[in-house]
Amino acid sequence: MFVFESGNVAAAGAVKLARAKVIAAYPITPQTPLTEKLSEYVDNGTMEAEYVAVESEHSALAVCIGALSAGSRAFTATSSHGLLYMAEQLHWTAGARLPMVMCVVNRAVGAPFSIWNDHQDSISQRDAGWIQIYVADHQEILDATIKAFRLAEELCIPVMVCYDGYYLSHTYMPYEVPEQSAVDAFLPPYSYRHTLGPDNPASLNTVTLPGGRLDIHGEFAPGYMELRHSLDLEMKRAIDIYTRIDGEFAKTVGRGGSPIVQTHLCDDAEYVAVALGSMASQLKDVADTLREEGLAVGVLAVSMYRPFPGEILTAALAGRKRVIVFEKALSFGQSGALYSDLRAALYSCDTKPIMSNYILGLGGRSYKSSDFCEAIRQSVARDSACGDHMGWIGLNR
Amino acid sequence: MATDDLRVLTSDSHAGPGDAGRTGSWRVLRPVIDYAKCAPAKSGKPSCFYCWLYCPDTVVSKTLQPQIDLTYCKGCGICAEECPPGAITMVEESKFSDEDNR
Amino acid sequence: MEAKKTQILDLCDEELVHPGNRGCAGCGLNILYRIGLKAIGEDAILVVPPSCLTVVQGLYPITCSQVSVLNVTFASTAAAASGVRAALRAQNNDHTKVVAWAGDGGTADIGLQALSGAIERGEDILYICYDNEAYMNTGVQRSGTTPRGVLTANTSIGGKRERGKDVAAIVAAHNPAYVATCSAAYPLDFHDKIAKALSMKGFKYIHAHTPCPPGWQMEERIAVSVARLAVTTGLYVLYEIENGQMKLSEPSAKLLGKKKLPPVSQYMQAQGRFRALTPADIDSIQNEIDTKWAGYRRQMTSAAA
């Protein structure tokens, strides 16, 4: 069934189809309409779930941690300061290996306060041990959120589905909603290896020694390092597993694609523009325009940012003349985080492209397709001998 | 499915004694019960058991002659302090020979 | 009608706390935990933030607790417990008890927001705060409940300047199903209040005064008797609040009949942490106690009239 709705409603629909049993949320713009919609579903009986209206985002994730540990699928959503207020809980969720799914509706971070969009919130949390998926349109919001539950539960690693505040959250687009039966066939009931309860008396997340220790039966139990190593190993598997899950989603629901990276006109592209989220959609138009000018431009959308698909990206980008990374976040004093990661991934290839990093759109600063075109032309025109460079788009100076 | 062979995802501790080792080694004073004064021992009927009630360390048995598990008793002396007839004396560990400790 | 009071002989023999745990010798929390779990039983999920109870439980992979425990971040106890309850409700499980068990810092300070939210939502959980009146686990720093004048690691010269928070009153102001105060010196009272609380729906709160020999700077063996003095001198009052009505519990109610209570100086002099108090300070604390108890007696008389 096709509907014409906002991105937040698309996300809410996915959570309903995934049959989340516990939803905890705290209002923050631009996420709020998503969880308002879920509260409506719970109140009007179309969704069988517990809705816990908590007093903070820290508690929202705490409720989910409690629910997931006690054996129920849980969901929350947040933005900006809400995500940062959850910071320790993010690490806790990942360390406890809880299969959490959360939508992050990207928004800038204060001070000064900004309610508008950029990616600083989720990018700053890239090292918390969560899988991060960035989506480009409403259909992807819905599909990725459903797939995220499957991915999280197969790996016991939490997943953030990140989408741009306003650009996606508050705009209306047509998208297709799958049948409940198809989603049920795709997503098995929730399970978690360490589910707490009288049948499994255990104390979860207790203090763990650096070096490991014998248990009461004399068997060696891992230390903190082994648990962290395991999380890292398992997270890296997400790339293959998500690809397989996407294939199964395509079989049951009828839509799939390239879940890790998505390309547009890349086959013969000499210059590739790289971005996260809805910027990638806009860049497709930009590439089409520049192609008309005779520039062989392609677009690569990084859908899965953590784990970082370095090999896939290296294969896709090695040998290109230019790679131009557009980012709505940065690691102050360094560069955009995606650019850093990508540059590190390409370091070892023999035919390393010249790279440019453009920072734009911070705190909702508007950007037009013509801005992207200009930046790409500028990057292409640069003398290769000058090497990589960084620039800002749209600064009034 | 997992590539790593850890049987756990996070620390899941299971119940057992002696997490801190044989905590009896912490003890400086040892509780010694004089059963001639101890209410249940004297009467032969279950009664009193304040030593059992107040023991922070689950080392006193709720038996007619209460026994103290010296493997784990930390020697806090609360049992001696709380014993209504004053049947428990705290005695310096150095007073006991290796034989006693066996 | 009052439920029959549990006697020592009636207490469940089965121990749900193993010996040889990491609690200090003479730990008041260990007494409460041991007796408390007898009242809670094995069909329960406990939620515990960082606190001495984290240490008492033990280092992975061994724990002293025979019941399920979810260890959570410091500020999130009441919220995580709400999540456990929500999951159980979603699973139609109405028998497993959800008990949050936190220290005074985790309750009065960093956990107060989540606690307040959970009470306001009427979450069906029991929240137990064991109050040893400082951050003992980190080495005895002042907490929100540390009484005025107490020497701690960060009030080490003149003692804490401010009064302690009355957390039970803060909780009671939310009008939950049940509020009670307890003391490690009265474990049977603690046991019965837990049992009563768990028989009720909605949010239940128990605040337990908990002696800590290293933190209170006293010999281990007098831990219980000093905690008892806090009650018998009238300083720490044991009560229950149901439907907004406060009722003194037996150990404190007994004091109503006494013309004069033992001086609070006995309680203070038994501990090193109060040694910064001057005789005038102790007099003023005594005056506060006398005024408080005069009030209780007046209420009694007017209730009887």
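These are my notebook entries on two helices, H13(A) and H1(A), in a predicted model.

**Ground rules.** I number residues from 1 along each chain as its sequence is written. Because the model is predicted, I accept local features only at pLDDT of at least 70 and side-chain atom pairs only at pLDDT 80 or more, while totals for chains, interfaces and linings use all residues.

**Helix H13.** I looked up H13 of chain A, residues 369–381 (helices are DSSP runs, H or I, of at least four residues, numbered from the N terminus), and found that its 13 residues reach 18 Å from first C-alpha to last, close to the 18 Å expected at 1.5 Å a residue; the expected span is 1.5 Å times one less than the number of residues.

I then checked burial (buried means 20 or more other C-beta atoms within 10 Å of the residue's own, exposed means 12 or fewer, partly exposed is in between, and C-beta atoms are placed from the backbone), and A:Phe372, A:Ala375, A:Ile376 and A:Ser379 came out as buried. They lie on the same side of H13(A), because they cover an arc of only 95° around the axis. The face turned away from that buried side carries the exposed A:Ser370 and A:Ala381.

**Its neighbour H10.** I noted that the axes of H10(A) and H13(A), which are lines fitted to C-alpha atoms over the stretch in contact, come within 9 Å and cross at roughly 55°.

**Helix H1.** Turning to H1 of chain A, residues 7–17, I found 11 of its 11 residues buried, among them A:Val9 and A:Lys16. A:Arg19, which follows H1(A), has a positive phi, near 55°.

Definitions and conventions:
Chains are lettered from A and ligands numbered from 1 in the order in which they are written. The arc is that of the directions from the helix axis to the C-beta atoms. Axes are lines fitted to C-alpha atoms, for helices over the stretch in contact, and angles run from 0 to 180 degrees between N-to-C directions.
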